[in-house]
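Welcome, and please open the model in your viewer. We will go from stop to stop, selecting a few residues each time.

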Amino acid sequence: MPAAEPSWWETAVVYQVYIRSFADGDGDGIGDIAGLRTRLPYLAELGVDAIWINPWYPSPMADAGYDVSDYRDIEPAYGTLGDAQALIADAHGVGIRVLLDIVPNHTSDQHMWFRAALADEPGARLRYHFRPGRGPGGAEPPNNWQSVFGGPAWTRLADGSWYLHLFAPGQPDLNWAHPEVRAEFENILTFWFDRGVDGFRIDVAHGLVKQDGLPDADESVETAQSLVQDRAGHPAWDQDGVHDIYRGWRAVADRYTPERIFIAEAWVDGNERLARYLRSDELHTAFQFDFLRTPWRARALREVIDDAIAAAASVGAPPTWVLSNHDVTRTVTRFARSQPHHLIETDWERGRWADEDPDHELGRRRARAAALVQFALPGTAYVYQGEELALEEIEDLPDDVRQDPTWAQSGFTDVGRDGCRIPLPWTETDVPYGFAARSDAVTWLPQPTHWAQHSVQAQERDPRSTLNLYRRALALRPSLWRDGSAIRWLDVTDGVAAFQRGGVQCWVNTGHSGVPLPPAATVVLASSDLTGDVLPPDTAVWLRSQ
Ligand code: NOJ
């Protein structure tokens with residue numbers, strides 16, 4: 001019997017729309033749904049199968065929308081529910097599915113539930129984690145947990161009680177042992193599924209359930225200020241009770257046709273723990289982040305790719321490939337400096353090695369090559385907006401424009417994630433480069449003065465641009481790389497990784513000198529110019545073997 005055709009999401013290219021910085025339709029300097037709608041033809045031409053939109057719900061923006069005050073509405077700066085419905089219809093009209101971001105670990109402190117808790121309405125505090133403090137007068141936090149953004153994970157109210165927030169103080173953690181919390185979120189899923197949304201990326205999917213009694217964490221796993229929360233044994237993360245929640249969510253999704261899907265953002269200790277989220281009655285896929293934490297070294301790439309494929313296969317899920325997102329340093333900049341021997345940790349990659357000047361041209365070559373590797377692999381690929389333009393991280397933002405709560409919560413030591421969230425350049429004009437409907441708009445984060453050359457308009461004209469490389473790669477990907485999930489590594493020289501899928505090969509050279517390509521092969525696509533039959537350093541190529 002022939003193998004069943006994979007579902008769309010098993011092989012999809014998903015484009016991440018960071019809505020605040022994608023396109024601004026009303027000229028207030030903040031991206032919005034109207035702007036996104038006008039740019040859908042761009043996304044269709046790019047060749048993506050789906051968009052994942054970062055949170056677009058009403059929010060006081062304590063954490064760029066990951067602090068939701070109403071899960072059934074749209075942030076006024078982004079538009080209305082009517083705009084959202086029109087976007088979903090338009091996107092479907094051009095063959096693009098729509099995935100939303102759901103934020104179930106915490107609400108905003110302006111959510112009506114938390115306001116009721118602050119007012120100490122009967123029972124309202126039970127929906128969150130309120131506790132008395134420790135020590136004389138209860139002046140010490142209830143346990144030793146640290147916020148991911150820095151500082152204690154607890155804030156004290158004027159009445160002396162403390163509430164838990166694993167992220168910013170404006171993001172109080174929900175108590176998922178409370179039946180109303182469970183019922184409410186299943187209802188929210190239904191609300192959006194009924195409006196045609198194709199699925200959800202689940203924010204902090206591994207954080208919802210906390211160990212009973214909220215015990216202290218071992219000091220050895222309690223490291224503050226890390227978005228890489230792979231802290232095995234920490235009582236706040238990856239608790240077994242979380243899986244029952246997802247079984248409930250899956251039952252909701254399975255009531256719909258066409259298929260509705262879930263993608264977990266779960267930073268857990270290894271692929272074996274991750275696989276537990278992907279059991280057949282739980283979530284469909286999960287981000288595997290080791291690919292984006294891999295330094296530019298052929299051997300490391302190969303190990304990470306093998307591990308991701310094996311882990312996904314063990315639960316029958318497709319592997320997922322992420323090179324960047326709104327939480328990490330842009331790919332070009334990660335690859336623009338010397339590369340470590342180990343997986344890149346957040347502290348390292350957020351420019352703490354920044355006494356080394358970045359070589360952005362080198363970073364761009366490598367990022368283009370990495371994209372060809374990413375698109376040649378089996379499974380789902382995620383493209384963060386601006387990767388197709390090879391934008392670099394903006395590392396020199398003035399301190400007074402920074403918005404990421406990480407900056408203040410780390411005591412002004414960690415610049416945070418604003419540098420990868422700069423509004424996109426669309427035209428070759430001056431700032432705001434066509435990002436906003438008005439040319440005098442002041443963008444919510446300033447754009448650099450040299451981005452005209454990286455704009456969509458400039459890159460459309462240049463056949464060798466990264467945008468055109470992405471377009472060609474995505475146009476070729478479905479037919480070229482459709483053969484199954486197995487990859488076969490080829491025996492090649494050190495510094496090079498090469499694999500075959502079906503009749504096609506992908507070669508990438510992370511070394512310092514050129515490498516001869518097999519004589520009988522035809523080059524289908526190369527990330528940089530080849531010199532004869534030689535694959536130069538920092539270049540990838542797709543070959544048809546004969
Ligand atoms: C993960 C999101 O990607 C990040 O941007 C956010 O700050 C945290 N979750 C908290 O919601």
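Some vocabulary comes before the hollow spaces: on a 1 Å grid over the protein atoms alone, a cavity is a set of points where a 1.4 Å probe fits but cannot get out, while a pocket is an open set with protein on both sides within 12 Å along at least five of seven lines. Lining residues have an atom within 4 Å of a point. Grid points are joined across faces, edges and corners, and a volume is the space filled by probe spheres set on the points. This is a predicted model, in which local features need pLDDT of at least 70, side-chain atom pairs count only at pLDDT 80 or more, and totals for chains, interfaces and linings use all residues. Residues are numbered from 1 along each chain as its sequence is written, and side-chain values use heavy atoms, with hydrogens and water left out.

**Stop 1: a cavity**

Searching the whole structure turns up 7 cavities of 30 Å³ or more. Go to the second largest, with a volume of about 80 Å³. To see its wall, select Leu323, Arg330, Thr331, Val332, Ala367, Arg368, Ala371, Glu387, Ala390, Leu391, Thr466 and Tyr470. Helices (H or I, at least four residues) and strands (E, at least two) are DSSP runs, numbered from the N terminus. Helices H9 (331-334), H11 (360-376) and H14 (466-480) each supply at least two residues of this lining, and H11 gives the most, with 3 residues. Colour the wall by class, counting Ala, Val, Leu, Ile, Met, Phe, Trp, Tyr, Cys and Pro as nonpolar, Asp, Glu, Lys and Arg as charged, and the others, Gly among them, as polar. You will find 7 nonpolar, 2 polar and 3 charged residues.

**Stop 2: the largest pocket**

Now select Pro6, Glu10, Thr11, Gly379 and Gly484, which lie nearest the centre of the largest pocket among its 26 lining residues. The space here is about 620 Å³. H14 returns with the largest share of the lining, 3 residues, and helix H8 (298-314) also supplies at least two. By class, the lining has 14 nonpolar, 6 polar and 6 charged residues.

**Stop 3: Ser527**

Select Ser527, in the loop between strand E16 (522-526) and strand E17 (534-535). Is Ser527 buried or exposed? Buried means under 20% relative accessible area, exposed over 50% and partly exposed in between, with a 1.4 Å probe and protein chains only. Ser527 counts as buried because its relative accessibility is 0%. Its contacts (heavy atoms within 4.5 Å), leaving aside neighbours within four places in sequence, include Arg368, Leu469 and Asp538. The side chain of Ser527 also reaches the backbone nitrogen of Ala540 at 2.8 Å.

**Stop 4: helices H5 and H6**

For a jump, select Trp192, whose C-alpha is 39 Å from that of Ser527. Trp192 is one of the buried residues of H5, including also Phe185 and Phe193. H5 has 16 residues and reaches 23 Å from its first C-alpha to its last, close to the 22 Å expected at 1.5 Å a residue; the expected span is 1.5 Å times one less than the number of residues. Just after H5, Gly196 takes a positive phi of about 95°.

Finish with H6 (residues 242-253), which is among the elements covering the buried residues of H5. Because 9 of its 12 residues are buried, H6 is largely enclosed by the rest of the structure. Try selecting Trp249 and Arg250, both among the buried ones. Their cover includes strand E3 (97-102), helix H5 (179-194), strand E7 (199-202) and strand E8 (261-264), taking the buried residues of H6 together.

Technical notes: A polar contact is a pair of N or O atoms within 3.5 Å; within protein, one must be able to donate a hydrogen and the other to accept it, and residues adjacent in sequence count only if both atoms are side-chain atoms.
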